[in-house]
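User: I'd like to go through this structure and ask how some of its labels are earned. Can you take me through the reasoning?

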Amino acid sequence: MKLTIIGSGHVGLVTGLCFARKGYQVLCVDNDKEKISILKKGIVPFYEPGLDKMLKDSMRKKCISFSTSVKEGVKHAEVLFIAVGTPLGDDGSADLSYIENVCRGIARSLKDYRVIVEKSTVPVRTGERMKRLIKKYSGGADFDIVSNPEFLQEGKALKTTLYPDRIIIGVESKKAERVMRRLYARFKAPIIVTDLASAELIKHASNSFLALKISYINAVARVCELSGADVTQVAYGIGLDKRIGREFLKAGLGYGGYCLPKDVAAFAHISERLGNKFDLLHEVQKINLEQRKMFVAKAEKALGLLKGKKIALWGLSFKPDTDDTRESPAVAIAARLIKLGAKVQAYDPKVKPSKIPSLRNRIKLCSSPYEAVKETHCLLIATDWAEFKEADFKRIKKEMLRPIIIDGRNMLEPKNMKNLGFVYHGMGKS
Ligand code: UGA
């Protein structure tokens with residue numbers, strides 16, 4: 001079976017490579033010529049564990065190819081996945097212009113029956129809109145729209161795509177359902193078939209619920225600090241209840257990345273457009289942003305004025321195992337520290353200067369965690385990279401001017417840090 005994936009970013013490329021791994025003949029399309037030429041050389045343009053090897057293997061087996069032509073993509077396969085970006089518009093809505101452009105491109109090349117799959121995260125009823133648009137430009141060719149939301153997590157993209165918890169397929173015809181079932185027959189996961197709107201909504205509602213869990217535990221963390229409780233223990237105690245679950249109850253700097261912030265905003269926006277004000281989601285957003293301010297306030301409390309102070313910042317990506325800095329709490333915190341007059345020495349295992357244009361020449365990007373802490377008044381941990389846990393903290397203490405650690409991800413053991421002579425502050429710990 002052949003497949004075309006239009007949009008070769010994180011979602012599109014991972015989806016394409018995972019289908020190629022399952023034995024399909026995949027064509028990945030993108031209008032970014034430079035990206036396609038890099039991919040054709042066997043290079044992944046971003047960091048995702050295991051993806052480099054998978055690309056090379058798939059190219060060797062000749063089950064993946066690349067193109068800049070949507071027309072070629074339409075010709076290549078019966079199933080066309082659309083995995084282009086749906087960034088946040090100025091008013092909080094999802095900007096669907098990339099999807100619409102692709103739909104027009106597909107429509108103009110459409111001759112025989114095609115299954116056109118929304119893989120990008122879209123607001124409910126986008127499928128309807130796509131159908132109208134394709135009908136308008138296609139001159140009567142036969143097609144079906146399917147919603148098949150993705151649930152991959154950056155940093156664990158291969159595992160979460162090859163072994164998903166569930167596969168959601170929103171369809172309007174038995175014919176499209178049959179094609180999609182055949183396509184996913186090689187994956188071991190429950191397949192849930194719904195109508196188009198329900199599948200679209202499942203994605204926004206899932207991401208928003210994950211964000212809600214994070215903001216909930218961060219709100220609980222504040223009560224912990226005021227009452228002398230420890231949020232790590234509280235989260236463990238809550239999470240063992242199977243109805244609640246342990247995942248996404250890690251208190252800290254809140255959620256970032258390309259997906260959760262934009263999807264919560266877009267879900268609130270579409271809900272309000274449909275006539276339902278979703279205040280709960282606005283509260284989730286508010287709590288999330290407040291976490292960053294509270295973290296910087298801890299540094300101010302520990303150091304007094306930040307003006308002129310040298311601060312080490314560990315982590316710039318929005319979470320570990322990725323070089324993605326989009327909506328990263330760490331980047332926002334660095335900008336805030338600079339604004340308050342601090343000098344920032346940052347270290348991240350994967351983030352390169354090109355990924356932080358807003359901070360270029362405003363922070364010192366160091367090549368090791370030890371270089372970052374040299375002669376600093378305080379160490380702030382903003383991303384929970386595993387390598388930070390393994391650092392030699394005796395050496396860290398010697399390098400620093402003052403042994404203060406503010407751990408925004410609660411990744412270090414407070415007792416150990418205190419025993420080593422650090423003044424240690426976590427999040428949601430008295
Ligand atoms: C998220 C969803 O988890 C995926 O299911 C979904 O497919 C994806 O968005 C998407 O829509 O494409 P991702 O953006 O890769 O995946 O990141 P997450 O693993 O969800 O983490 C998001 C943020 O929440 C990170 O900044 C992380 O540090 C933070 N987080 C996560 C917490 O602060 N606490 C937690 O307990 C968990």
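**Strands, cores and ligand**

Analyst: Sure, starting with one strand pair: G170 sits opposite T194 of strand 8. Keep in mind that this is a predicted model.

User: What makes strand 7 and strand 8 a pair?

Analyst: Pairing takes at least two bridges. Strand 7 (residues 167–170) and strand 8 (residues 191–194) are joined by four and run parallel, so they count as a pair. Together with helix 8 (residues 174–184), these strands form a right-handed β-α-β unit.

User: Which way do the residues of strand 7 point, and are they buried or exposed?

Analyst: I167 and I169 point one way, I168 and G170 the other, and all are buried. That fits the general pattern: in a regular strand, side chains alternate between the two faces of the sheet.

User: Which residues touch the most other members of the largest nonpolar core?

Analyst: That core has 42 residues, and F19, V26, F81, M180, L183 and Y184 touch the most other members. Helix 1 (residues 10–21) supplies the largest share, six residues. There's also a second, separate core of 28 residues, with L313, A342, I356 and L359 among them. Back in the largest core, L183 touches M1, L3, F19, Y24, V79 and F81, leaving aside residues up to four places away in sequence.

User: How do you know that E150 makes a polar contact with the ligand?

Analyst: The cut-off is 3.5 Å between N or O atoms. A polar side-chain atom of E150 is 2.6 Å from a ligand oxygen atom, so the pair qualifies. Backbone N or O atoms also lie by ligand oxygen atoms, at 2.8 Å for L152 and 3.3 Å for F151.

Definitions and conventions: Residues are numbered from 1 along each chain as its sequence is written. This is a predicted model: local features need pLDDT of at least 70, side-chain atom pairs count only at pLDDT 80 or more; totals for chains, interfaces and linings use all residues. Side-chain values use heavy atoms; hydrogens and water are left out. A nonpolar core is a set of buried Ala, Val, Leu, Ile, Met, Phe, Trp, Tyr and Cys residues joined through side-chain atoms within 4.5 Å. Buried means under 20% relative accessible area, exposed over 50%, partly exposed in between (1.4 Å probe, protein chains only). Helices (H or I, at least four residues) and strands (E, at least two) are DSSP runs, numbered from the N terminus. Contact means heavy atoms within 4.5 Å. A crossover is right-handed if, with the strands pointing away from the viewer, the path from the first strand over the helix to the second runs clockwise. A polar contact is a pair of N or O atoms within 3.5 Å; within protein, one must be able to donate a hydrogen and the other to accept it, and residues adjacent in sequence count only if both atoms are side-chain atoms.
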